[in-house]
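Colleague: I would like to learn how to read a few local features of a structure, going slowly from backbone angles to burial and then to pockets. Could you take me through them one at a time?

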Amino acid sequence: MLTVKNVEFIKSVASADALPADGLAEFAFIGRSNVGKSSLMNMLFNRRNFVKTSKKPGKTVLLNYFSVNGSFYCVDLPGYGFAQRSAAEQQLWQRLIERYLTTRKELADIFLLLDSRLPRQANDTQMMEFLDFHKIRYTPVFTKTDKLSRNELAVLKQKNPGVLTVSAVTGAGRDELLQHIENRLSFSE
Ligand SMILES: Nc1nc2c(ncn2[C@@H]2O[C@H](COP(=O)(O)OP(=O)(O)O)[C@@H](O)[C@H]2O)c(=O)[nH]1
Ligand SMILES: [Mg+2]
């Protein structure tokens, strides 16, 4: 199975013309602010606070590129639903992210993170409808499963068969996520 041997922060991108041009496959991580994107990436990388996490969501609109084993990228996208963003920042977010998601050929998959404790939030639905409308494939990932009881987790899995469930705290779901990435990489070769 795919093992993470080496992770490198490459750069933060603020505009489409600064995206890497080397053609490597990339996996985007997207979701509401605070859903656990950065924590999940750290868990995947086996690194502590390598991808910045915080209780206070940052409002900078940047795509953060991490190279894994020199063979693909993981991209930390700025979260949606960040209430303190100004209208101008919100518009910047929308323009950059929507353009990225609809035009980026290197995208091997989009991990759409959902908080396993919460019912589907309106902005999650909006993002899914946007992706569906543009026929862009994505993979839902339920986060923070350590906060669920065994029974709640069983119900979640029953309602969403085959879906990825992860905990950045316990490392649950890491192998499945790596397997998923490996499958996508071998399809896109
Ligand atoms: N219990 C638990 N807390 C988590 C988990 N993942 C993230 N968190 C917490 O949720 C908050 C937001 O996490 P972060 O990774 O910064 O979310 P992001 O805004 O989506 O990047 C932080 O306080 C994390 O410690 C998880 O799997 N389990
Ligand atoms: Mg983050």
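Colleague: Which residue follows α1, and what is the sign of its phi?

Modeller: Please keep in mind that this is a predicted model. As a general idea, most residues other than glycine have a negative phi. Here α1 is followed by Asn46, whose phi is positive, near 60°, although Asn46 is not a glycine. Asn46 has its place in the loop between α1 and β3, and with a relative accessible area of 58% this residue is exposed.

Colleague: Where is Asn69 found, and what is its phi?

Modeller: Asn69 is found in the loop between β3 and β4, and its phi is near 55°, again a positive value in a residue other than glycine. Its relative accessible area is 23%, so Asn69 counts as partly exposed, given that buried means under 20% and exposed means over 50%.

Colleague: How many of the residues of helix α1 are buried?

Modeller: In helix α1, which covers residues 37-45, 8 of the 9 residues are buried, so the helix is largely enclosed by the rest of the structure. Among the buried residues are Leu40, Met41, Met43, Leu44 and Phe45, and also Lys37, Ser38 and Asn42.

Colleague: In which loop does Leu62 lie, and with which residues is Leu62 in contact once its neighbours within four places in sequence are left aside?

Modeller: Leu62 lies in the loop between α1 and β3 and is partly exposed, with a relative accessible area of 25%. Leaving aside those neighbours, Leu62 is in contact with Ser12, Val13 and Ala14, as well as with Asp76, Leu77 and Pro78. Leu62 and Lys37 are 25 residues apart in sequence, and their C-alpha atoms are 14 Å apart in space.

Colleague: Turning to empty space, how much of it lies in the second largest pocket, and which residues lie nearest the centre of that pocket?

Modeller: The general idea is that rolling a probe the size of a water molecule over the atoms shows where empty space is left. In this structure about 260 Å³ of space lies in the second largest pocket. The lining of this pocket has 19 residues, of which Asp115, Ser116, Leu118, Phe142 and Leu156 lie nearest the centre, and by kind the lining residues divide into 9 nonpolar, 3 polar and 7 charged.

Colleague: Which element gives the most to the lining of the second largest pocket?

Modeller: That element is α4, with 4 residues, while β5 and α4 each supply at least two residues of the lining.

Note on methods
Residues numbered from 1 in each chain as written. Chains lettered and ligands numbered in written order. Predicted model: local features only at pLDDT ≥ 70, side-chain atom pairs only at ≥ 80, totals over all residues. Heavy atoms only, no water. Buried < 20%, exposed > 50% of the residue type's maximum accessible area, 1.4 Å probe, protein only. 1 Å grid on protein atoms, 1.4 Å probe; cavity = no way out; pocket = protein on both sides within 12 Å on 5 of 7 lines; lining within 4 Å. Points joined across faces, edges and corners; volume = space filled by probe spheres on them. Nonpolar A, V, L, I, M, F, W, Y, C, P; charged D, E, K, R; others polar. Contact = heavy atoms within 4.5 Å.
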